[in-house]
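This report introduces a protein structure to a reader who has not met it before. The sections that follow move from the whole chain to selected helices and residues.

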Amino acid sequence: MLAYEKLKQQLARISDDTARLIEDAGKITELTDEGLSRWKSTCQTISDQISEETMRLAVVGAIKSGKSTFVNTLFGGDYLKRGAGVVTSIVTRVRNGSRLRATLYLKSWAEVNREIDQASVLLLAHHRSGDGHSFDIRREADRRILNGAMDDLAADQLISNDTRSTGSVMLASYLKGYDRVQQFVEVGHATVVFENDRFPLHRDFVGDDAMAVYLKDVLLEINTPGLGEGVEIADCQGSDSPNPLHLAMIQDYLMMAHLTVYVISSRTGLRQADIRFLSMIRKMGILDTVVFVVNCDFSEHESLHDLDEGIRKAEADLALICPDHQTFTFSALFLLMSQMEADLSQRDRDRLFHWRRETAMVDFANTERIRFDQFLERKISRERNSLLLKNHLERLEIVAGGIGNWIGFNRDLIDRDAGGARELADRVSDQQRRLDRLKLTVKNTLDGAVNQVKRDLKSAIDRFFDVHGDGVLAGVVHFVRNYQVEMQRYDQSLMSVGFAKSLYMVFQEFKQAVDAHMAETVNPQVIRFVRLQEKNLMDYLGEIAGPFGAMIDEALAPYANAMDDAKIPQQRASSPINIGSDLETIRKMAGLALPKAAATMRYSTQIKTEAVMRFGFYKIVNIVKKAIKKSADKVHQEQFLALASGIKRIKRETERSILFHLKDYKENIKFQYMLKLADTAAASLHLRMLERFQHHGADLSTLVQMISEQGLDKEKVSTALDLMGDASRSLQDKIGRLKEDLQLI
Ligand SMILES: Nc1nc2c(ncn2[C@@H]2O[C@H](COP(=O)(O)OP(=O)(O)OP(=O)(O)O)[C@@H](O)[C@H]2O)c(=O)[nH]1
Ligand SMILES: [Mg+2]
């Protein structure tokens, strides 16, 4: 890890030195040169980007498999709450930092209200008496209404956290936590921070469902080295949570992660939940970034042989879903306890002592952990070095080469008398006109290509979301139409809470199932599709850029020749223009992010609840009218039938709103993401090409004029240019050496 930090610092220094050189160049001639200022801003961008670059590592796995314990071992202390097991699962990001700090990012009130709105479809509609305003938890009256609506819901709906009731559990948590969270949130503050001595207190917040439900994200900064600067580890709780929103949050992180560590407990081996989650990862198309850690519990195994068998069993199961998996086996808790032995309680110390006697298993696990650490270090440095090389160093090489040429050029010009300078300038300006034409051609070709690629992207996206095909949308429609509600489950609630509330409960169950389908089936396919389109886009732009790089270099040759005896330094073979590895930077530059995975589940706001409710009301009135002559049994039976047709109505209404919503979602992916990405990537490519043109691009006429008017202190400028020439050569040497170092690693 140290090697990387050193390389990074070297690169940053070279970039700063180059910027300084450019600044000096500007001062010498007192001219504003467009090329110079573009180079300078390139250096600035490189410096900024290097310091922002983050390598992301996701830690996932079933509940209680030891994820948090594992992450703690990476930082050598009990920072993340172990054994949390909260209902509200959030992704906790951990980085190293200068001090111990937990930053809790809260959802905005708009987000909170939107979630409540979505979870209370069919619950609040008839409470609102049509005054039109949407729910706002900050209004006391609204909280009272929601409380009232929740009060008479069947008790089991609120107590259990089974798949049917995550919506109502969430509503209850929001109501319960409001007063306490409100205290934390001063107006306009979106974060709550726990620093230094107060750091451990963040766990009370995170560990309490009623408060944690208000959280969007948690970032822990820890003042031990961990995996080094710029590496972020995310503890992803809730991969097997019944709440599809949790899965969506994890998907958002996985999509950006460079490596995913999947933790399996040796106690349980691979379970159904693991298989489901792994299938989802496979559908996302990122299975090749996953490695497995079998977290072995020494107490659960009689001997190394027994542990071995357990591992082999898990590996055999894994092979079915992930044939080329890489597995490491060690005990996270044992390691963590060893790391913090001095701070252990007597009980834990006894346990550690006891475990240490299992020497065979301990030796095996220790060796495995060393193997894992080596793997991780290699993986991280390989990934980051290639980014350093491709994203920054090759670009800097172009700039430094360009400034070298600029110096040589001006040096030569200064040495001439007025006539000679003018003659050179004339020759050069002929060439320059030719280069300008080429610049225009490059721009036009690029524009044409981008328009084509955008058309292709549009139609690919339309095809992917085509409801008539056999793609994701058809799948959703099929799912909705074929979903069977287990009517018997609502028999009891019809009697206890009545028709309307029962309808709400049915809808909860149904929505939960549809959302799970969105999270497990639709989202992974969308993510995979988008990633593929991104790759196609970058490949395509790369294909265009390739020949242009060579063409520009070729076109520059006669330009240099125009100066025949000019002191142009020996040109190194320049690297091909490449923006393929820049995708993340381009996204960041344009402020682009794919719509959150949870977006696919926001269809419920489109549901016209009135239609369903009015329909229910009509049925009920009919039942009541007729009930005068009927037995209670008969009434119950008819209510049951009403519920059944209510469900039919809900399904139809849901299908309609999903189609409507996903159309919107599709257009967002198209216009707010993919097409903007294409434009930004093309702009970035164009900039790279211009940087290359600038090798010789300076406009000489003003300088020539100054020479002929004798308005230039030739002696002084000459000396300055010579000094700069030396500095530039030494910079280029440094870049060359650093490039070799990086390629070697
Ligand atoms: N005996 C034993 N216990 C372990 C081991 N690893 C973790 N634990 C304990 O198992 C419990 C769960 O571990 P966590 O690290 O919190 O698991 P997790 O995957 O983060 O759990 P959730 O976040 O709730 O999904 C904690 O009490 C740990 O101390 C192990 O190797 N052996
Ligand atoms: Mg945990």
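Contact here means heavy atoms within 4.5 Å. In that sense, and leaving out residues up to four places away in sequence, Met340 touches Gly77 and Asp78. The structure is a predicted model.

## Overall architecture

The protein has 745 residues, of which 54% count as buried. Its secondary structure comes to 23 helices and nine strands. The exposed surface is about 34000 Å², and carbon and sulfur atoms supply 51% of that area.

Contacts between residues at least 6 apart in sequence can also be sorted by their separation along the chain. Of these contacts, 85% join residues at least 24 apart.

## The pairing of α15 and α23

Helix α15 spans residues 359-415 and helix α23 spans residues 714-744; the two pack with their axes 9 Å apart, at an angle of about 155°. Because angles over 145 degrees count as roughly antiparallel, α15 is described as roughly antiparallel to α23. The contact of α15 with α23 has 14 nonpolar, nine polar and seven charged residues. The crossing in which α15 passes α23 is left-handed.

Leu376 lies in helix α15. With a relative accessible area of 2%, Leu376 is buried. Beyond its neighbours up to four places away in sequence, Leu376 touches Leu57, Leu74, Leu227 and Leu259. One of these partners, Leu227, is 149 residues from Leu376 in sequence, while the C-alpha atoms of the two are 9.0 Å apart in space.

## The pairing of α11 and α12

A second helix pair is formed by α11 (residues 272-284) and α12 (residues 304-321), whose axes come within 10 Å and cross at roughly 35°. This crossing of α11 and α12 is right-handed. On the α11 side the contact is made by Ile275, Leu278, Ser279 and Arg282, and on the α12 side by Leu318, Leu320 and Ile321. By class, the contact has five nonpolar, one polar and one charged residues.

## An enclosed helix

Helix α4 covers residues 109-119, and eight of its eleven residues are buried, so α4 is largely enclosed by the rest of the structure. Which residues of α4 are buried? They are Trp109, Val112, Asn113, Glu115, Ile116, Asp117, Gln118 and Ala119.

## Buried residues and their partners

Met340, introduced at the start, is found in the loop between α13 (332-339) and α14 (346-356). Its relative accessible area is 14%, so Met340 falls among the buried residues. Met340 and Gly77 are 263 residues apart along the chain, yet their C-alpha atoms are separated by 6.3 Å.

Thr73 lies in helix α3 and is buried, with a relative accessible area of 4%. Apart from neighbours within four places in sequence, Thr73 is in contact with Ala332, Leu335, Leu336, Gln339 and Arg369. His517 has its place in helix α18, which runs over residues 491-561. A relative accessible area of 14% makes His517 buried. Residues up to four places away again being left out, His517 touches Gly475, Val476, Phe479 and Val522.

## Loop residues with positive phi

Most residues other than glycine have a negative phi. Against that background, two loop residues may be noted.

Lys64 is not a glycine, although its phi is positive, at about 60°. Lys64 lies in the loop between β1 (55-61) and α3 (67-75). Is Lys64 buried or exposed? At 51% relative accessibility, Lys64 counts as exposed.

Asn196 likewise has a positive phi, near 45°, in a residue other than glycine. The place of Asn196 is in the loop between β4 (191-195) and α8 (202-206). With a relative accessible area of 40%, Asn196 is partly exposed.

Note on methods. Residues numbered from 1 in each chain as written. Chains lettered and ligands numbered in written order. Predicted model: local features only at pLDDT ≥ 70, side-chain atom pairs only at ≥ 80, totals over all residues. Heavy atoms only, no water. Axes fitted to C-alpha atoms, helices over the stretch in contact; angles between N-to-C directions. Helix = DSSP H or I, 4+ residues; strand = E, 2+ residues; numbered from the N terminus. Parallel < 35°, antiparallel > 145°, perpendicular 65-115°, else oblique. Left-handed = near helix turned anticlockwise from the far one by under 90°. Nonpolar A, V, L, I, M, F, W, Y, C, P; charged D, E, K, R; others polar. Buried < 20%, exposed > 50% of the residue type's maximum accessible area, 1.4 Å probe, protein only. Areas by Shrake-Rupley, 256 points an atom, 1.4 Å probe, with all protein chains shown as cover.
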